[in-house]
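The following note sets out points for a colleague who is examining this entry. Please read it alongside the coordinates.

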Amino acid sequence: MAPMSALEISGNDSEKKASPENLSPVESPETLAESWSNINISGDGLKPRPDEKALDSISSKNGVSFSGNITGITDEKDIKSSPEKTDIKTKSPSGSNSGGGENGDSGVISNNLNGGGKTTSVLKPSPSVGISLDNFLEVPKGKSGGSVNGSGMSLMDEAWELLSGSYVWYKGQRVGTLAAPETGNEALNYNQVFVRDFVPCGLACLMKNDADVDIVKNFLLKTLHLQGWEKRIDNFTLGEGVMPASFKVIPDPVRKKEVLQADFGGSAIGRVAPVDSGFWWIILLRSYTKCTHDYSLSELPEVQRGMKLILNLCLSDGFDTFPTLLCADGCSMIDRRMGIYGYPIEIQALFFFALRCARQMLKPEHDGKELIERIDKRITALSYHIQNYYWLDFTQLNNIYRYKTEEYSHTAVNKFNVIPESIPDWVFEFMPLRGGYFIGNVSPARMDFRWFLVGNCISILSCLATPAQATAIMDLIEERWADLIGEMPLKIAYPALEGHEWRIVTGCDPKNTRWSYHNGGSWPVLLWLLTAASIKTGRPQIAKRAIELVEQRLAKDGWPEYYDGITGRYIGKQARKNQTWSIAGYLIAKLMIENPSNLLIISLEEDKKIAKPKLTRSASWTF
């Protein structure tokens, strides 16, 4: 693929909010490769720049009618039972039909203009995600990188060089990447391999042209080995299925060999076990299997047991009346006190994602069949709960605003007894007429209305969000671009906690001051999630616009961990430079934009089997 064009910005575009008029869908009859490069980004919004002569030439030579929806995005064939094990990185034979989407459109044309009759996908507008990813063929690749740094090296080449320099070796094998290289300052725990930090690094290795699968496989096996260790914090033993938050390699001068040292939360800020580590491990295992078709790894008895231990922690019986997981503050990427205790959307979305990934890889032998049945029931209940009780758009906000309280009946509308006066003032100004999102948390008498990007994007990739909800989430990002994207993508949470609320919720945390770190800071690593969600919903122009913003500064600023400020203008006050997952986030975004079939590695298809549950009264309910 040819290098993408630079951003064309007129005026102070960074402070302008996107509007429906400015952000029209891409109605492009070009090939997928052309449409990516023909998107014009200016102060007036996003407009396609089709080459009419080229389009007429393509149409006349191939007899293609350019109409319909974008070729799509699905991927939910059972990994084990799928009769077709075609590598997604392999191009289809020239002139073959890819099968098309649900509407029968092939979505493929013979691109004779490029010479040799190469087969490429057609980019067509789409408002939803209910389409097939398998129809994305590989886009012809040119030199990678596009943008160039001051030394003449492309940003992609610089990023790969920095990523390869972060590899951690153990007994002659690469087993992960450092969170950030050591500097003159105290290393803290940045000199360790974090499970959640390695996931984007592993995905980048899987998506590159010559996929580097060994490091991902080694990482999966080493962390699985660490899962089997006894996990004690003070005098308390953690659950058998808990995955480590991080590990590091330490030389043992006495025994003259390298040893692993794992942290299961005992050394973390707040001493909280990482709930998300196990989910990310399952998700990465499925991505490895999808990319390599190496089913032997996921079918190993040790790997099957590891998945079951993780899921048994989450599916065990208790006092819960909701299908969501009850969590402590600091149990995920937001690993400090930020008021996410309860049922945070990030954990629920990752839980749902991991359940669906495990459902594809678990074997029914022994106790596997019973576990699969429990997974199916939980997936149905969880999707219904999140889609109905976490969703917020203009209409639902108005409904909550008019809620009655103290409803003691099975017919109650205000099921969580939320007090309308608890709705913060900022929500009414933030909520556009077009768009919506999953709020941060729902529990008795409490709704956290903050926007959290990770939970919403994971909801799209896992199909926890319905097609209409996925479209609305992307609409919201467009409508509130200045708030959620700003000058440096992307806000991890919005808005920031300030004043008295900040003191109470964070405990006066000096690192999470307003518009910094987890409290409204901007994190470049999240670019890959936005890109994946944008491509899946047929809105690649959103991702490309964000990538252009990142390319203007990220490398020049030294690949920092995060940015501060309302618009993300300033490098974070405690941000580490050459942060590995900031580098990996950029690489994945570029690799997916250049070759959208890479989305198959991390995205799931909508599961038609998840039917709307029939609501019945409890057996104990009587008149």
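Where is the place of Leu490? Leu490 sits in the loop between helix 15 (481–484) and strand 15 (493–494). The points below begin with the model as a whole and then return to this loop.

1. Overall composition. The model is predicted. Its protein chain contains 19 helices and 17 strands. Of the 623 residues in the protein chain, 59% are buried. The area exposed by the protein chain is about 25,900 Å², of which carbon and sulfur atoms supply 51%. Among contacts in the protein chain with a separation of 6 or more, 73% are between residues 24 or more positions apart.

2. Cis peptide bonds beside strand 15. Pro489 and Leu490 are joined by a cis peptide bond, with omega about 0 degrees. Here the proline precedes the bond, and Leu490 follows Pro489; the loop that holds Leu490 runs between helix 15 and strand 15. A cis bond is also found from Tyr494 to Pro495, where omega is near -5 degrees. Pro495 belongs to the loop between strand 15 and helix 16 (499–506). A reviewer may wish to inspect the backbone at Pro489 and Leu490, and likewise at Tyr494 and Pro495.

3. Gly521 and its surroundings. Is Gly521 buried or exposed? Gly521 has 0% relative accessibility and therefore counts as buried. Its position is in the loop between helix 16 and helix 17 (527–536). Beyond its neighbours within four places in sequence, Gly521 is in contact with Leu490, Lys491, Ile492, Trp515, Ser516 and Tyr563. This list includes Leu490, the residue joined to Pro489 by a cis bond. Tyr563 is 42 residues from Gly521 in sequence, yet the C-alpha to C-alpha distance is 5.8 Å.

4. Lys573 and its surroundings. Lys573 occupies the loop between strand 17 (570–571) and helix 19. With a relative accessible area of 48%, Lys573 is partly exposed. Outside its neighbours within four places in sequence, Lys573 is in contact with Pro510, Lys511, Thr513, Ser516, Tyr562 and Asp564. Tyr562 lies eleven residues from Lys573 in sequence and 8.8 Å away in space, C-alpha to C-alpha. Ser516 is in contact with Lys573 and also with Gly521.

5. Positive phi at Lys171 and His366. Lys171 is not a glycine but has a positive phi of about 55 degrees. The loop between strand 5 (167–170) and strand 6 (173–177) contains Lys171, and the residue is exposed, with a relative accessible area of 55%. His366, likewise a residue other than glycine, has a positive phi near 60 degrees. His366 is placed in the loop between helix 9 (345–361) and helix 10 (368–389). Its relative accessibility is 80%, so His366 counts as exposed.

6. Helix 9 against helix 13. Two packed helices are described by the angle between their axes and the distance between the axes. For helix 9 and helix 13 (residues 453–461), the angle is about 20 degrees and the axes are 8 Å apart. Helix 9 is therefore roughly parallel to helix 13. The crossing of helix 9 with helix 13 is left-handed. On the helix 9 side, the residues in contact are Ile345, Glu346, Ala349, Leu350 and Phe353; their partners in helix 13 are Val454, Gly455, Ile458, Ser459 and Leu461. By class, this contact has seven nonpolar, two polar and one charged residues.

7. Helix 18 against helix 19. At what angle do the axes of helix 18 and helix 19 cross? Helix 18 (residues 540–553) and helix 19 (residues 580–594) have axes that cross at roughly 140 degrees and come within 11 Å. The two helices are therefore oblique to each other, and the crossing of helix 18 and helix 19 is left-handed. Helix 18 contributes Pro540, Ala543, Lys544, Ile547, Val550 and Glu551, which meet Tyr586, Ala589, Lys590 and Ile593 of helix 19. This contact has seven nonpolar, no polar and three charged residues. The charged residues are Lys544, Glu551 and Lys590.

Key: Residues are numbered from 1 along each chain as its sequence is written. This is a predicted model: local features need pLDDT of at least 70, side-chain atom pairs count only at pLDDT 80 or more; totals for chains, interfaces and linings use all residues. Side-chain values use heavy atoms; hydrogens and water are left out. Helices (H or I, at least four residues) and strands (E, at least two) are DSSP runs, numbered from the N terminus. Buried means under 20% relative accessible area, exposed over 50%, partly exposed in between (1.4 Å probe, protein chains only). Contact means heavy atoms within 4.5 Å. Accessible areas come from the Shrake-Rupley method with a 1.4 Å probe; for residues, only the protein chains shown count as cover. Axes are lines fitted to C-alpha atoms, for helices over the stretch in contact, and angles run from 0 to 180 degrees between N-to-C directions. Angles under 35 degrees count as roughly parallel, over 145 as roughly antiparallel, 65 to 115 as roughly perpendicular and the rest as oblique. A crossing is left-handed if the near helix is turned anticlockwise from the far one by less than a right angle, and right-handed if clockwise.
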